[in-house]
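Hi everyone, thanks for making time this morning. I'd like to walk you through one chain, so please have a look at the display before I start talking.

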Amino acid sequence: MSQLRYFSLGGYKSLLIIPGYASYVDSIMTPMPFDMIGKNIHELPCPNIPELLDALDILGNIDSSRAIIPWMASVKKPLPHFHEKAAVVSGTNVIQGIAIALNMHHVSLEGMTGDTNTNLNAKAQTALKLTKEYHLVILHIGGCDEAAHRMNRVEKESFLSRVDEIVLTELLASDHDIEVVSDHGVDPATGRHIGGLQPAFRLYK
Ligand SMILES: [Zn+2]
């Protein structure tokens, strides 16, 4: 446990690394933070792995103003490099990490937050600029996911309208082929991810 490492990822997300425990990954049960909204922190279900509990103890998990809620366990896996020269525009740490792992160029400018307060104009402009150098540019938008996790339907709908108005208008006016895809939905009534087939929009010029 001496090599325990904790990294803040900005906002409410962080990364806790416990070396040597990769074999536990499929058996670790953790609460979903979004299920805990409005509940007393002391009702937090304990993770079922003693080593993880020890790690949280070392970090002084709960005091009157803050707590670490272990969200999801994973292990580092090697990823093959993406076969094309590609760029990613995203303010979300995990997307930036995936881009780095896949050997894609990634850009995150000030004001790109991965949430509904992101700078949509800057994202669209940056993506268009990158098309001069990259055959494939991925523009990631995470605000609809975050708003729905907060169970805020109004925030999600108004953010999606702004995406249509600012990002789509800009991209559709360009001469690029465009695909709009989602990895999953989130139901704002429950705050939970929805799996299964997702709608996709494709415009090849
Ligand atoms: Zn999500």
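**A walk through the chain**

With 17 C-beta neighbours inside 10 Å, methionine 151 counts as partly exposed. I start with this residue for its backbone: methionine 151 is not a glycine, yet its phi is positive, at about 60°. You will find methionine 151 in the loop between H4 and H5. As a reminder, most residues other than glycine have a negative phi.

There is another residue to put beside it. Asparagine 103 also has a positive phi without being a glycine, with a value near 65°. Asparagine 103 sits in the loop between helix H2, residues 93–101, and E4. Is asparagine 103 buried or partly exposed? It is partly exposed, because 13 other C-beta atoms lie within 10 Å of asparagine 103, and a residue needs 20 or more to count as buried.

Now let me step back to the whole chain. Please keep in mind that this is a predicted model. The mean pLDDT is 88, and 95% of the residues reach 70 or more. Where is the confidence lowest, and where is it highest? The low end is helix H1, residues 50–58, with a mean of 72, while strand E3, residues 86–89, has the highest value, at 98.

The chain holds 5 helices and 9 strands. Reading from the N terminus, the order is β-β-α-β-α-β-α-β-α-α-β-β-β-β. The C-alpha trace spans about 55 × 40 × 35 Å along its principal axes. Of the 205 residues, 19% count as buried. If you take the contacts with a separation of 6 or more, 50% of them come from residues 24 or more positions apart.

Let's go to the N terminus for a moment. Strands E1, residues 5–8, and E2, residues 14–17, run antiparallel and are joined by 4 bridges. Serine 8 stands opposite serine 14 in E2. The hairpin of E1 and E2 has 5 residues between the strands, and in it glycine 10 takes a positive phi, near 85°.

Next comes the sheet. It is an open sheet of 3 strands in the order E4-E3-E5, and the pairing is parallel. Which strands are at the edges? They are E4, residues 105–107, and E5, each of which pairs on one side only. From one strand to the next, the twist averages 20°. E3 and E4 are joined by 3 bridges, and the bridge partner of alanine 87 in E4 is histidine 105.

On the other side of the order, have a look at leucine 136, which is found in strand E5. Leucine 136 is 50 residues away from alanine 86 in sequence, but the two are 4.8 Å apart in space, C-alpha to C-alpha. Setting aside residues up to four places away in sequence, leucine 136 touches Glu84 and Ala86. Leucine 136 counts as partly exposed, with 14 C-beta neighbours inside 10 Å.

Now please bring H3 into view. This helix lies across E3, E4 and E5, and runs at about 170° to E3. What are the buried residues of H3? They are Leu120, Lys123, Ala124 and Ala127. These residues cover an arc of only 95° around the axis, so they fall on the same side of H3. What do the buried residues of H3 pack against? Their partners are E3, E5 and H5.

That brings me to the core. The largest nonpolar core has 19 residues, and those with the most contacts inside it are Ala87, Val88, Val89, Ala127, Val137, Leu139 and Cys144. The elements that give two or more residues to this core are E3, H3 (120–130), E5 (136–139), H4 (143–149) and H5 (153–172). For a closer look, take leucine 139: leaving aside neighbours within four places in sequence, leucine 139 is in contact with Val89, Lys123 and Ala127.

So, to put the picture together: H3 lies across the three strands E3, E4 and E5, and the buried residues of H3 pack against E3, E5 and H5. E3, H3, E5, H4 and H5 each give two or more residues to the largest nonpolar core. Thanks for listening, and I'm happy to turn the model to any of these places for you.

Notes: Residues are numbered from 1 along each chain as its sequence is written. This is a predicted model: local features need pLDDT of at least 70, side-chain atom pairs count only at pLDDT 80 or more; totals for chains, interfaces and linings use all residues. pLDDT is the predictor's confidence in each residue, from 0 to 100. A nonpolar core is a set of buried Ala, Val, Leu, Ile, Met, Phe, Trp, Tyr and Cys residues joined through C-beta atoms within 7 Å. A residue is buried if 20 or more other C-beta atoms lie within 10 Å of its own, exposed if 12 or fewer, and partly exposed in between; C-beta atoms are placed from the backbone. Two residues are in contact if their C-beta atoms, placed from the backbone, lie within 7 Å. Two strands pair if DSSP finds at least two bridges between them. Axes are lines fitted to C-alpha atoms, for helices over the stretch in contact, and angles run from 0 to 180 degrees between N-to-C directions. The arc is that of the directions from the helix axis to the C-beta atoms.
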